[in-house]
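Please open the structure in your viewer and keep the sequence panel visible. The tour proceeds by selection: at each stop, select what is named and then read what is found there.

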Amino acid sequence: MSTLDLRELHDTEFPVPADMQNNVAITSLSKIYNWSRRSSLWPMLFGLACCAIEMIATAASRYDFSRFGMEVMRGSPRQSDLMIVSGTVTKKMVVPIVRLYNQMPEPKYVMAMGACASGGGPFKEGYNVVSGIDQYVPVDVYVPGCPPTPQALMYGLISLQKKFDGESLANLDDVPWYGVGPSDAVPIPVLGPDIIDPRQAELIRQQAMLAAQGLPFGRRELPAVAVPQPAVAPVEEKPAIAAASTETAEEIDPEKAARLAKREAALARKRAAKAAAEGNEG
Amino acid sequence: MTDQAIMPVPTEALDTQGAIDWLKDKYPEAVQDDTRQGYGGVVVDRSQLTKIAHAIRDDLGYDYLSSATAVDYLGISDHIEMVYHAYRTAGGPPLVFKAQTPRENAEIPSVVSVWPGADFQEREAYDLFGIQFSGHPNLKRILLWEGFDGHPMRKDWQEAYYEEEHKPFESRWPKGWVRRAEELNVFGKNVRYPADLDLSRLTDVSEDSLYKGMGLGVDVQEIVQEGEHIKTDRLIVNMGPHHPSTHGVFRMIAELDGETIEALEPVMGYLHRNHEKIGERNAWLMNIPFTDRLDYISSMGNNMGYVQAVEKLLAQGARYTPPTYRAEVIRVLMVELTRIVNHLWAIGFLLNDLGAFFTPALYAIAEREKVLDFFEATAGSRMMCNYMRFQGVAKDLPERIHSTAVTVNDKVRDYNTMEFLTELINERLPRSIDELDHFLTESEIIKTRAMGVGILPPEMAIAYSAAGPLLRASNVPYDVRRAEPYSIYPELDFDVCVRPNGDVYDRYLIRLDEMRESVRILKQVLQRLEATHGEDIFSGNKAIYMPRVPVGESYGRVENPKGELGFYCVSEGDPKGPQNPWRYHVRAPSFINLTPLGVMCKGHKVADVVVILGSIDIVLGETDR
């Protein structure tokens, strides 16, 4: 435990005589909130897979993250500030994880530790694996590695502390929990024939209707990847791609289709520019 | 010992071929040789499987069922096959027998009545392959949830992120453009819904069926109603999957009478990472890093098991040369260090479960960091070593062990490797083991909590296919390193540890014994390391990264810290085509050791359940795979 150094808290905008700086600090409310939060961050005692072993090693004597005020790992989500998602998130496990997240009192933070929790990792292709916990709950810090070394985990935790330092009570985008009323709980996924995210219910319903009409359902082939042609007729190519991508995607999800179209258009512009540049050189 | 264990075995002298001949004589219609190229053992008519299994156990003395798994031969012979590997606890090679069933309405009689250890393995085959086991007492899904669509290990079941049949994929960047698997799926997620998805069924039914079908003989509702009439409270208590002392995402459902366990059932699958399905799409070499993530505390041991299984297959081909002597020495060095690390970890966290929160664990895993330093310097990673290769190991030991962190302090770690190892093996590790022994073994609290708790008698341990320290603490001196020796173990001088009582205390003691034996092995390995300094670590001219694996099956097993780790590999198909396993199955000790958990916990208090689970020493990466 470090002793309280008031100079750490002091806001330099306000002058305090040098001889009083050990005794007096003038600071903002945000700063003292952030300081107290970063100095006693309680992670949840929550291990999923291999990364949990490195998390324990980080808590053990050689690395010892109690140096940063984080040693109090709580078994109950009701007493935790930080959920370290340490390992592969499976479809079967994501239901309890979302429940645990909802049970944590605000302010709450989530760290995706390791490749699996960040994006599925080496098991991404598996039928029971969720490609990253951020598909269900918001993540504050991602720590890469498989598993991340204790040093990497500690860097992640320090990064989270830095994130606290940047938060301001004046900005409710930073700290939504000081807004009016409670925050919304994350809807709990349902284990049906496959995992069902209630937030996707509308999309799934549309797809089920397609299936009922005997139309292609679920799997979708991407529009053929356009190969950059060596400057023959880039102008003709552009509308063709955009049309193709919107046609297949529009019936599915207009928002996504718009995004796809935008991206395709941007890609086409880039290709055209590149082709033009190459043409100039030639 | 019961009748079963001391029953005279008239044919014990028979070797495997003799046993097969005996079976064919006795059941001429029902037993045939497996004549496929590269295969061994016998194919048994499924209608007579139970009868023949009884004969194999009782008359031939194969009392230990190591592995039972299924293979889907879609497109080859269009049937599903159950493969059983039975061993004698006296030692020796296995008797392999198989039962075949058509893919439609697949049904095979259960052998749980013969070997109770087949319980979870058959449930897994039902879950992943959809085989109905007639006569199974509690057949329901084990790794996936009730209501899941389809049986994913069948070859015609396609995944949501399905890209190609095998790795390496043609290209994830076709013509230089990135394609993410998510983009192929309209939901943007790794999900796949059946075309006839019933939207009115969007409620979670997996939990209800879990409680109803858990074989407790009571319904949740009924208990509440009964409670008004009976004086004791009968409750169903759920522990996990988020629980500090379940060693991961493990879950137990216990039925309690007061504080006493009436029945207990493990629920798993919360870390089911589709290891075997991914393994079938990987090329052979690509599975090595995945095996690291099975039992992630002892990754080197997993490497060893897998390379041994594949080397057995490779040995049937022409261009195979066995690993060099130095490679085998290094492998044994790594595996025995891993065993010590694992047991230190197991003892530390057993004390955690006993209520001595974290302090003993901190002492126990302090030396682990030294071993991990060595692994990191040699293999490049602390935990996921990915170190062994077919016919050798990836790298020789480095001359010096450096710090990998680039800091001003990088002189902190700079040792001569052999000096480091010598100090570690001769001084640090024994000291650490003695320290644990000194503080814990005579502790009154530990003795009171651990002695006489969770007793597993020897005949039950064998019947339930328990392995490793769990089996040996039950007075069964069975160790794969001696029963079916591999690598350089035959020439090493060590004892198979055994303890007589089969309770938690003996399981703690046997881990201390095994660590001491490991130190004894490591001292002999050190001499061999010095003697072979500078020799090749690969046989043949160079490392073979993409081996041509001959058609056939193989079952390689090693004595991993947690028990017998087996890999069942099937290679099928075009030698010029993609080289990936047709079937890749892991016989996971953590998984099968959980089969007797319910029996061991019955009659004990809730607090003891945690201790008994801790004494089995499971790791969820391997349990759920």
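**First stop: the pocket**

The largest pocket of this predicted model has a volume of about 790 Å³. To find its middle, select A:Leu45, A:Ile56, B:Pro244, B:Phe349 and B:Asn352, which lie nearest the centre among the 36 lining residues.

Next, colour the lining by residue class. It consists of 23 nonpolar, 9 polar and 4 charged residues.

Which helices each supply at least two residues of this lining? Select helix H3 of chain A, residues 50-59, and helix H10 of chain B, residues 325-353: each of them does so. H3(A) provides the largest share of the lining, with 5 residues.

**Second stop: a kinked helix**

Now move to helix H13 of chain B, which spans residues 417-441. Select B:Leu424 and look along the helix on either side: a kink of about 45° is centred on this residue.

Then go to the N-terminal end of H13(B) and select B:Asn416, which caps that end. One of its side-chain oxygens lies 2.9 Å from the backbone nitrogen of B:Met418.

**Third stop: the cysteines**

How many disulfides does the structure hold over all chains? The count is 0.

Select two of the cysteines in chain B and ask of each: is it buried or exposed? B:Cys385 has a relative accessible area of 2%, and therefore counts as buried, the limit being under 20%. B:Cys569 is likewise buried, because its relative accessible area is 0%.

How values were computed. Residues numbered from 1 in each chain as written. Chains lettered and ligands numbered in written order. Predicted model: local features only at pLDDT ≥ 70, side-chain atom pairs only at ≥ 80, totals over all residues. Heavy atoms only, no water. Bend = angle between axes of the 7 residues up to and from the residue. Helix = DSSP H or I, 4+ residues; strand = E, 2+ residues; numbered from the N terminus. Polar contact = N/O pair within 3.5 Å; in protein donor to acceptor, adjacent residues only side chain to side chain. 1 Å grid on protein atoms, 1.4 Å probe; cavity = no way out; pocket = protein on both sides within 12 Å on 5 of 7 lines; lining within 4 Å. Points joined across faces, edges and corners; volume = space filled by probe spheres on them. Nonpolar A, V, L, I, M, F, W, Y, C, P; charged D, E, K, R; others polar. Disulfide = S-S within 2.5 Å. Buried < 20%, exposed > 50% of the residue type's maximum accessible area, 1.4 Å probe, protein only.
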